[in-house]
Amino acid sequence: QRPLVESGGGLVQAGGSRRLSCAASGRTAGMGWFRQAPGKKREFVAAISGSGGETLYAESVKGRFTISRDNAKTTLYLQMYSLKPEDTGVYSCAGRLSTSTSSQESGYEYWGVGTQVTVSS
């Protein structure tokens, strides 16, 4: 059983919006979203603390994306607005045992397989 399962990816036009979800079946505290564009390294997108009280964003998405979590449903969300073609990539959910936020891949113990988001111009 995979601990993290993403959903919500798809094709969207530039300027549009999309919401990604990540269902957690295991114990995770801090969580985050990362993305990987074709031919590029995976990069940090957003992170949220275990309580949901602290968030962290990459500069490239600040003001356009919102990370949130529903601890009762053990679900993580990424609401994306004003999408740009450069937002295209595989978006992966990550979980960590620490309650704090982290922008580093090495800070996460659990990973989903990802969901593809394609933004057309």
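Let's start in a loop: S82 lies between β8 (75-80) and β9 (89-95). Strands here are DSSP runs of E with at least two residues, numbered from the N terminus. This is a predicted model, where local features need pLDDT of at least 70, side-chain atom pairs count only at pLDDT 80 or more, and totals for chains, interfaces and linings use all residues. Residues are numbered from 1 along each chain as its sequence is written, and side-chain values use heavy atoms, with hydrogens and water left out.

Back to S82. Its phi is near 45 degrees, a positive value in a residue other than glycine. Most residues other than glycine have a negative phi. S82 has 42% relative accessibility, so it counts as partly exposed. The cut-offs: buried is under 20% relative accessible area, exposed is over 50%, and partly exposed is in between, with a 1.4 Å probe and protein chains only.

Now the sheet. Which strands form it, and in what order? Four strands, running β1-β3-β8-β7, make an open sheet with antiparallel pairing. β1 (4-7) and β7 (65-70) stand at the edges with a single partner strand each, so one side of each has no neighbour in the sheet. From one strand to the next, the twist averages 15 degrees. For that angle, axes are lines fitted to C-alpha atoms, and angles run from 0 to 180 degrees between N-to-C directions. Two strands count as paired if DSSP finds at least two bridges between them.

Take the β1 edge. β1 pairs with β3 (residues 18-24) in the antiparallel sense over four bridges. E6 stands opposite C22 in β3. V5 stands opposite A23 in β3. The side chains of β1 alternate: L4 and E6 point to one face and are buried, whereas V5 and S7 point to the other and are not.

Now the β7 edge. β7 and β8 pair in the antiparallel sense over six bridges. I67 has L78 in β8 as its bridge partner. Side chains alternate along β7 too: F65, I67 and R69 are buried on one face, while T66, S68 and D70 point to the other and are not buried. The hairpin of β7 and β8 has four residues between the strands, and T74 in this hairpin takes a positive phi near 50 degrees.

On to the core. How many residues does the largest nonpolar core have? It has 28, and W33, L78 and Y91 have the most contacts inside it. Such a core is a set of buried Ala, Val, Leu, Ile, Met, Phe, Trp, Tyr and Cys residues joined through side-chain atoms within 4.5 Å. Two or more residues come from each of β3, β4 (31-36), β5 (43-48), β7, β8, β9 and β11 (115-120). β5 gives the largest share, five residues.

Next, the rings. There are four aromatic pairs in the structure. Rings of Phe, Tyr and Trp (its six-membered ring) pair if their centres lie within 6.5 Å; planes under 30 degrees apart are stacked, over 60 edge-to-face, and the rest tilted. F34 and Y108 have ring centres 5.4 Å apart and planes at 80 degrees, so this pair is edge-to-face. The pair links distant parts of the chain: F34 sits in strand β4 and Y108 in the loop between β9 and β10 (110-111), 74 residues apart. Both F34 and Y108 are buried.

Y108 also pairs with W111. Their ring centres are 6.1 Å apart and their planes at 65 degrees, so that pair is edge-to-face as well. Is W111 buried or partly exposed? W111 is partly exposed, with a relative accessible area of 24%; for Y108 the value is 6%. Ring pairs link F34, F44, Y108 and W111 into a cluster.

Two arginines come in here. The charged end of R42 sits over the ring of W111, 3.9 Å from its centre. The charged end of R96 sits over the ring of Y108, 5.7 Å from its centre. The test is NZ of Lys or CZ of Arg within 6 Å of the ring centre and within 35 degrees of the ring normal.

Two last residues. S49 is in the loop between β5 and β6 (55-57). At 5% relative accessibility, S49 counts as buried. Leaving out residues up to four places away in sequence, S49 touches A29, G30, E54, R69, T99, S100 and T101. Contact means heavy atoms within 4.5 Å.

Q13 is in strand β2 (residues 10-13). Q13 is exposed, with a relative accessible area of 61%. Q13 and S120 are 107 residues apart in sequence, yet 4.8 Å apart in space, C-alpha to C-alpha.
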